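Have a look at the chain below and turn the model around for a moment. The report that follows walks through its sheets, its domains and the surroundings of its ligand.

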Amino acid sequence: MQNNVKKVVVAGGGTAGWVAAAALAKRLQDQIELVLVESEEIGTVGVGESTIPPVALFHNLLGIDEQEFMRATDATFKLGISFEHWGLQGDRYMHPFGTTGRGSFLADFQHYYLHGQRLGIEAPFGDYCYELQAALAHKFGKSSQGGLSYAYHLDAGRYARFLRQFSEALGAKRIESNIQQVEQHPNGDISALVLADGQRIDGDLFIDCTGFRALLIEQTLKTGFERWDHWLPCNKAVVVQTESAATLPPYTRAMAHQAGWQWRIPLQSRVGNGLVYAADFLSDEQARQQLLGNLETAPLMEPRVLSYTTGRRKKFWHRNCVALGLSSGFIEPLESTSIYLFMNGVIRLLRLFPFAGVTDALADEYNQQSIRELEKIRDFIILHYHQTERSDSEFWNYCRTMPIPDSLAHRIELFRDSALAFQTGDEMFRLESWTHVMLGQRLQPRSYHQLVASVPAAEMNAHLQQIRSSISQAVERLPSHQEFIRQYCPSG
Ligand code: FAD
């Protein structure tokens, strides 16, 4: 069969551009010519340091060596996110990776946990999760027999450079220039990018990775945008890097404040910090002061402010253009999903690659899959804001009382009434993720599965006790995260 897409042009070289280039170069090396255009003058957004576990799978797909990648990007391991002050000020819960407890075919573990509570077993839900206990103890280890489920904290700028080297070694061609014009065929498809130096880069398929500018998918193809800011009102972030801290926790911190939240992300040689806020409820100067007043170590730069609109492009694949990264839309970084989303986007593109030429059916399939995935992530993020008992500010009063998508209302109702949580096939966040966040945000179920209630107390006690003690013994044996990093992948 003939390949009709012989040349792919990636516009933009932020994390999204280089992730796309790396995957296309690795997997279609012999099939396509690959060109990436980026402009140092315009630069990249330069944030995006916390990830989720599928990143490791993406690296496996590309054959990227973990130690080399971690050394190059100043990376540390991440076992979850510590949510602080979300349900009420003073609250803390972890959303860990990995599994929690052991349920049965008919009833998931939260039913056992709730029955244990009814029987007077006080241990928190997190005591049944290996990753969560290792995170709290600042420990980490790897084992060939399926050890901890983990992701990374990484330096976004260094990561883009690492992937650039990787892609160029596989034949991707990089052009440094400013795209000044996007040309179209008479039928509306994109034909070429015209650069500041007069070069004309033609192609068969174009990947828009130009960040919030969305130069191809929106400025040229006018694809349209669906806003979600009525559900997710935060629209700004002030960010600053600080010196490294004395300890190296293997988790991201997400600390809620009166009009948003603040992140703290430990890398090997520095800490990434940012304060996410809703401009309707907090001024830039208030946000800046608040961030600077809540840093663990000294700043290495002047704080800078970024603005965004939450929502998604109406189509991610339109005509012969696929948008990846910020050009395709943005959901705030509360659950660190952006990098994952464009990694999965490029994998989806590889699966549906238009070898026989771009068709509406391919684009529709790509768009439907992407929208299904994104809307579930959106609901998961809204849950953190809406499911709160905070009433100490206008912002939290708004979030607590705002109308929410029906799909999320359904999940909350199921959990509240019957402790039921679920995960559909195309969903990134697992049943346990939903359960940790719902319980952590003070959503206490009214009842649970009655099959579990019939388990005798002594048997239930022994079952729960056995899980907790095998986890604490395993955590005991792990080295500290700091020590593990020092041996495994020091960034130097
Ligand atoms: P950019 O980094 O903006 O890159 C755009 C590229 O396009 C640049 O190379 C630029 O030079 C080029 N370009 C644009 N216009 C032109 C032109 N005319 N000519 C030539 N080149 C051009 N994600 C996570 O997964 N985890 C996180 O913890 C996380 N935190 C975030 C925090 C904040 C506040 C924000 C805003 C985002 C965060 N993200 C996070 C998202 C993450 O930063 C982005 O998804 C990621 O960096 C990808 O950005 P990008 O490559 O799409 O865009």
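An open sheet is built from three strands in the order β12-β18-β21, with antiparallel pairing. β12 (225–227) and β21 (329–330) stand at the edges with a single partner strand each, so one side of each has no neighbour in the sheet. β12 is joined to β18 (residues 311–313) by three bridges, and the two run antiparallel. Within that pairing, Arg227 has Gly311 of β18 as its bridge partner. Two strands count as paired if DSSP finds at least two bridges between them. Strands are DSSP runs (E, at least two residues), as helices are (H or I, at least four), and both are numbered from the N terminus.

A word on the source: this is a predicted model, in which local features need pLDDT of at least 70, side-chain atom pairs count only at pLDDT 80 or more, and totals for chains, interfaces and linings use all residues. Residues are numbered from 1 along each chain as its sequence is written.

Now to β15 (residues 260–266), where seven of seven residues are buried. Buried here means that 20 or more other C-beta atoms, placed from the backbone, lie within 10 Å of the residue's own. Gly260, Gln262, Arg264 and Pro266 point one way from the strand, while Trp261, Trp263 and Ile265 point the other way. Its two antiparallel partners are set out here:

| Partner of β15 | Bridges | Hairpin link | Facing pair |
|---|---|---|---|
| β14 (residues 252–257) | five bridges | two residues | Ala256 opposite Trp261 |
| β16 (residues 270–277) | seven bridges | three residues | Pro266 opposite Val271 |

On the scale of the whole chain, the domain assignment gives domain 1 (7–49 + 155–227 + 311–358) and domain 2 (81–146 + 236–307 + 377–492); such bounds come from an automatic or database assignment. The contact between them takes 11 residues from domain 1 and 16 from domain 2, counting residues whose C-beta atoms, placed from the backbone, lie within 7 Å. The C-alpha centres of the two domains are 32 Å apart.

Finally, the ligand: 37 residues surround it, and Gly12, Gly14, Gly48, Gly211 and Gly325 come nearest. A residue belongs to this shell if its C-beta atom, placed from the backbone, lies within 6 Å of the ligand. α1 gives the most, with three residues. Domain 1 and domain 2 each supply at least three residues. By class, the shell has 15 nonpolar, 19 polar and three charged residues. Nonpolar covers Ala, Val, Leu, Ile, Met, Phe, Trp, Tyr, Cys and Pro, charged covers Asp, Glu, Lys and Arg, and the others, Gly among them, are polar.

Methods:
Contact = placed C-beta atoms within 7 Å. Buried ≥ 20, exposed ≤ 12 C-beta atoms within 10 Å, placed from the backbone.
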